[in-house]
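I'm opening a fresh page for this one. The plan is to look things up piece by piece and jot down what comes back.

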Amino acid sequence: MRNNRTLFGVLALAAALSFAPASGVLAEELRTPVGSQADRNEGNYPKTGLSQSTVRAKWGNPLEVRGPVGEPPIRQWHYQDFVVYFERDLVLHTVLKRETGR
């Protein structure tokens, strides 16, 4: 009877460990302060929902255009300080470029 309990305990432990992540796996933690882009933003970047014509009228022609890619078509307009992502004709998101020298 004791051997059955020991065997059951070993099997239960082995099953539990098979679902645990490998102890040798390492990951780097990156921390970005919540308001890190707020100082640079000041509302002077394209907001979600603006049309391509509105963005072009206010910020001029982009330095580079990428896309369209996928369905719905996604385009990227690259400006000096930010990248604007469009879904079809509307701003989906604007991402600030990383400042160098910080």
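Which residue follows H3, and what is the sign of its phi? I looked: Gly60 comes after H3, and its phi is positive, near 80 degrees. Note to self before going on: this is a predicted model.

**Entry: helix H3**

I stayed with the helix and checked burial along residues 52-59. Gln52, Val55 and Trp59 come out buried in H3. Looking down the axis, I find these buried residues within an arc of 65 degrees, so they line one face of the helix. Ser53, Ala57 and Lys58 sit on the other side of H3 and are exposed. Next I asked what the buried residues pack against, and the reply was S2, S3 and S4.

**Entry: the sheet**

That sent me to the strands. In what order do the strands lie in the sheet? I get S1-S2-S3-S4, an open sheet of 4 strands with antiparallel pairing. S1 and S4 are the edge strands with a single partner each, so each has one side that lacks a neighbour in the sheet. I also pulled the twist, which averages 15 degrees from one strand to the next. H3 packs on this sheet, touching S2, S3 and S4, and the direction of H3 makes about 5 degrees with that of S2.

I then zoomed in on one strand pair. S3 and S4 run antiparallel and are joined by 6 bridges. Reading across from S3 (82-87), I see Val83 opposite Val95 in S4, and Val84 opposite Thr94 in S4. The two strands make a hairpin with 2 residues between them.

**Entry: nonpolar core**

Which residues make up the largest nonpolar core? My list has 10 residues: Tyr45, Val55, Trp59, Trp77, Tyr79, Phe82, Val84, Phe86, Val91 and Leu96. H3, S3 and S4 are the elements that give two or more residues to this core. S3 gives the most, with 3 residues. Val55 and Trp59 were already in my notes as buried residues of H3, and here they are again in the core. It fits the usual picture: in soluble globular proteins, nonpolar side chains tend to be buried together.

I picked Val84 for a contact check, leaving out neighbours within four places in sequence. Its contacts are Pro46, Arg75, Gln76, Trp77, Tyr79, Val91, His93 and Thr94. Among them, Trp77, Tyr79 and Val91 belong to the core too, and Thr94 is the residue I had just noted opposite Val84.

**Entry: salt bridges**

How many salt bridges does a search of the whole structure find? I got 2.

One of them joins the side chains of Glu64 and Arg66, at 2.8 Å from N to O. I checked accessibility for both ends. Glu64 is partly exposed at 34% relative accessible area, and Arg66 is partly exposed at 41%.

The other is between the side chains of Glu71 and Arg88, at 3.2 Å from N to O. This pair links distant parts of the chain, 17 residues apart: Glu71 lies in the loop between S1 (64-69) and S2 (74-78), and Arg88 in the loop between S3 (82-87) and S4 (90-96). Is Glu71 buried or exposed? Exposed, at 67% relative accessibility, since the cut-off for that label is over 50%. Arg88 stays in the partly exposed class with 48%.

**Entry: backbone oddities**

Last, I went hunting for unusual torsions. As background, most residues other than glycine have a negative phi, and most peptide bonds are trans.

Where are the cis bonds I turned up? One runs from Gly67 to Pro68, with omega near 10 degrees, and Pro68 is in strand S1. Another runs from Glu71 to Pro72, with omega near 5 degrees, and Pro72 is in the loop between S1 and S2. I recognise Glu71 as the salt-bridge partner of Arg88.

And Arg88 has its own entry here: its phi is near 55 degrees, positive in a residue other than glycine. Arg88 is in the turn of the S3 and S4 hairpin. I'm closing the page on that residue, which turned up both in a salt bridge and in my torsion list.

Definitions and conventions. Residues are numbered from 1 along each chain as its sequence is written. This is a predicted model: local features need pLDDT of at least 70, side-chain atom pairs count only at pLDDT 80 or more; totals for chains, interfaces and linings use all residues. Side-chain values use heavy atoms; hydrogens and water are left out. A salt bridge is a side-chain nitrogen of Lys or Arg within 4 Å of a carboxyl oxygen of Asp or Glu. Buried means under 20% relative accessible area, exposed over 50%, partly exposed in between (1.4 Å probe, protein chains only). The arc is that of the directions from the helix axis to the C-beta atoms. Contact means heavy atoms within 4.5 Å. A nonpolar core is a set of buried Ala, Val, Leu, Ile, Met, Phe, Trp, Tyr and Cys residues joined through side-chain atoms within 4.5 Å. Two strands pair if DSSP finds at least two bridges between them. Axes are lines fitted to C-alpha atoms, for helices over the stretch in contact, and angles run from 0 to 180 degrees between N-to-C directions.
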